[in-house]
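The following note is offered to a colleague who is meeting this structure for the first time. Please read the numbered points with the sequence and the structure in view.

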Amino acid sequence: ADAPPPPADEAAPKRRKVNTRYLQRDKKRKAKLKLFVSGLPFSSGAAEALAGFCAANGVAAPERVATLEKQGRKTGQAYATFSTAEDAEAALALSGTKLPGGGGRWLDFKRVAEKTERTGGDAAAGGDDGCAGA
């Protein structure tokens with residue numbers, strides 16, 4: 001009355017292959033939209049100050065601003081993600097502009113470098129650096 005169990009090779013569902021070319025392309029596209037910003041005010045409203053600065057200079061405000069902190073204190077640095085590559089280019093052109101009302105601070109925009117794949121061991125991480133331990 002019971003059906004025999006399926007063979008072992010049919011029991012596991014087939015896994016779909018992921019085309020990594022599209023994932024890599026999307027990462028490159030997103031890297032073009034992300035800029036590193038320094039010279040922001042140390043106050044809690046750094047994202048609002050950056051949005052106001054962009055609007056005052058005719059550039060679309062970033063979609064997302066992630067401010068950096070060190071030991072719980074603002075560093076005046078952030079990563080800003082723009083909606084289009086043209087907006088990111090326009091903001092990049094504003095690099096070296098003085099922030100109005102920012103206490104004499106100059107905003108500096110830089111492209112975010114693409115992460116490279118690491119191969120081999122790292123000596124700081126305990127990898128084999130070719131030296132024999134004594």
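1. Two contacts between a charge and an aromatic ring deserve attention in this predicted model. Lys34 lies over the face of Tyr79, at 5.6 Å from the ring centre. In the other, the charged end of Arg105 is placed over the ring of Phe42, 4.4 Å from its centre.

2. The strands form an open sheet of 5, in the order E2-E3-E1-E5-E4, and their pairing is antiparallel. The edges are taken by strand E2 (64–70) and strand E4 (97–98); each has a single partner strand, so one side of each is left without a neighbour in the sheet. As a general matter, strands of a sheet are joined through backbone hydrogen bonds, in a parallel or an antiparallel manner.

3. At one edge, E2 is joined to E3 by 6 bridges, and the two strands run antiparallel. Lys70 has Arg73 in E3 as its bridge partner. E2 and E3 make a hairpin with 2 residues between them. Within that turn, Gln71 has a positive phi of about 55°.

4. At the other edge, the antiparallel pairing of E4 and E5 extends over 2 bridges. Here Thr97 stands opposite Leu107 in E5.

5. Where in the sheet does Gly76 lie, and is Gly76 buried or exposed? Gly76 belongs to strand E3 (residues 73–81). Its relative accessibility is 4%, so Gly76 counts as buried, the cut-off being under 20%. Leaving out residues up to four places away in sequence, Gly76 touches Val37, Ser38, Gly39, Leu40, Pro41, Phe42 and Arg105. Phe42 and Arg105, both in this list, are also the ring and the charge of the second contact in point 1. Gly76 and Ser43 are 33 residues apart in sequence, while their C-alpha atoms are 8.3 Å apart in space.

6. Ser38, one of the residues touched by Gly76, is part of strand E1 (residues 34–38). With a relative accessibility of 17%, Ser38 counts as buried. Apart from neighbours within four places in sequence, Ser38 is in contact with Gly76, Gln77, Trp106, Leu107 and Asp108. Among these contacts, Leu107 is the residue that Thr97 stands opposite in E5.

7. How many aromatic pairs are there? The count comes to 2. In the pair of Phe53 and Phe109, the ring centres are 6.5 Å apart and the planes are at 20°; the pair is therefore stacked, since stacking calls for planes under 30 degrees apart. This pair links distant parts of the chain, with Phe53 in helix H3 (residues 46–56) and Phe109 in strand E5 (residues 106–111), 56 residues apart. Phe53 is buried, at a relative accessible area of 4%. Phe109 is buried too, at 3%.

8. The last point concerns a charged residue. Asp87 is found in helix H4 (residues 85–93). Asp87 is buried yet has no salt bridge. The nearest side chain of opposite charge is that of Arg111, 13 Å away, whereas a salt bridge requires a side-chain nitrogen of Lys or Arg within 4 Å of a carboxyl oxygen of Asp or Glu. Not counting residues up to four places away in sequence, Asp87 touches Val59, Ala60 and Phe82.

Methods: Residues numbered from 1 in each chain as written. Predicted model: local features only at pLDDT ≥ 70, side-chain atom pairs only at ≥ 80, totals over all residues. Heavy atoms only, no water. Helix = DSSP H or I, 4+ residues; strand = E, 2+ residues; numbered from the N terminus. Buried < 20%, exposed > 50% of the residue type's maximum accessible area, 1.4 Å probe, protein only. Lys, Arg positive; Asp, Glu negative; His and termini not counted. Contact = heavy atoms within 4.5 Å. Phe/Tyr/Trp six-rings, centres within 6.5 Å; stacked < 30°, edge-to-face > 60°. Lys NZ or Arg CZ within 6 Å of the ring centre and 35° of its normal. Pairing = 2+ DSSP bridges.
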